[in-house]
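This report describes the pockets of a predicted model, then a loop residue and a short helix. The sequence and structure come first.

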Amino acid sequence: MATGELTELETAIEKIVTVFFTYAGKEGKKGTLTAGEFKELVQLQLPNLMKDVPSLEEKMSELDVNNDEELKFSECWRLIGELAKAMWREKAGKK
């Protein structure tokens with residue numbers, strides 16, 4: 001897809017995709033996150049941004065729009081959007 005050196009934003013997007021695939025498919029279908037994989041990803045990759053989430057099971061259920069008990073990339077992307085929006089609000093001084 002990309003030819004040449006990636007920009008900072010392109011590198012960030014590539015990293016998100018790479019991290020997703022690092023955890024996806026270990027237990028369930030290739031390219032999806034099971035509950036265990038989601039928990040491992042959050043605990044190891046998002047410990048600071050997700051520290052106030054009371055229940056990872058509930059968060060996964062909220063993200064799992066098709067209720068198949070696994071998260072596709074598009075479902076997981078919703079979490080990235082939520083976290084980015086919260087970070088934006090913090091940096092913008094909004095609540």
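Helix H4 gives the largest share of the lining of the largest pocket, namely eight residues. Two or more lining residues also come from each of helix H1 (8–23) and helix H2 (35–45), while H4 itself spans 73–92. In total, 17 residues line this pocket. Those that lie nearest its centre are Ile16, Leu46, Leu49, Ile80 and Leu83. By class, 14 of the lining residues are nonpolar, two are polar and one is charged. The volume of the largest pocket is about 360 Å³.

The second largest pocket holds about 160 Å³ of space. Its lining is made up of Leu49, Glu82, Leu83, Ala86, Met87 and Glu90. Four of these residues are nonpolar and two are charged, with no polar residue in the lining. Leu49 and Leu83 appear in this lining, and both are also among the residues nearest the centre of the largest pocket.

The two pockets are set out side by side below.

| Pocket | Volume | Nonpolar lining residues | Polar lining residues | Charged lining residues |
|---|---|---|---|---|
| Largest pocket | about 360 Å³ | 14 nonpolar | two polar | one charged |
| Second largest pocket | about 160 Å³ | four nonpolar | no polar | two charged |

Away from the pockets, one loop residue can be described in detail. Thr32 is found in the loop between H1 and H2. Is Thr32 buried or exposed? Its relative accessibility is 7%, and Thr32 therefore counts as buried, the cut-off being under 20%. The side chain of Thr32 makes a polar contact with the backbone oxygen of Lys29, at 3.0 Å. When neighbours within four places in sequence are left aside, the residues in contact with Thr32 are Phe20, Ala24, Gly25, Glu37, Glu70, Leu71 and Lys72.

The last element considered is helix H3, which covers residues 56–63. Which residues of H3 are buried? They are Leu56, Lys59, Met60 and Leu63. These four lie on the same side of H3, because the arc they cover around the axis is only 100°. Glu57 and Glu58, on the other side of H3, are exposed. The packing partners of the buried residues of H3 are H2 and H4. H2 and H4 also each give two or more residues to the lining of the largest pocket.

Conventions
Residues are numbered from 1 along each chain as its sequence is written. This is a predicted model: local features need pLDDT of at least 70, side-chain atom pairs count only at pLDDT 80 or more; totals for chains, interfaces and linings use all residues. Side-chain values use heavy atoms; hydrogens and water are left out. On a 1 Å grid over the protein atoms alone, a cavity is a set of points where a 1.4 Å probe fits but cannot get out, and a pocket is an open set with protein on both sides within 12 Å along at least five of seven lines; lining residues have an atom within 4 Å of a point. Grid points are joined across faces, edges and corners, and a volume is the space filled by probe spheres set on the points. Ala, Val, Leu, Ile, Met, Phe, Trp, Tyr, Cys and Pro count as nonpolar, Asp, Glu, Lys and Arg as charged, and the others, Gly among them, as polar. Buried means under 20% relative accessible area, exposed over 50%, partly exposed in between (1.4 Å probe, protein chains only). A polar contact is a pair of N or O atoms within 3.5 Å; within protein, one must be able to donate a hydrogen and the other to accept it, and residues adjacent in sequence count only if both atoms are side-chain atoms. Contact means heavy atoms within 4.5 Å. The arc is that of the directions from the helix axis to the C-beta atoms.
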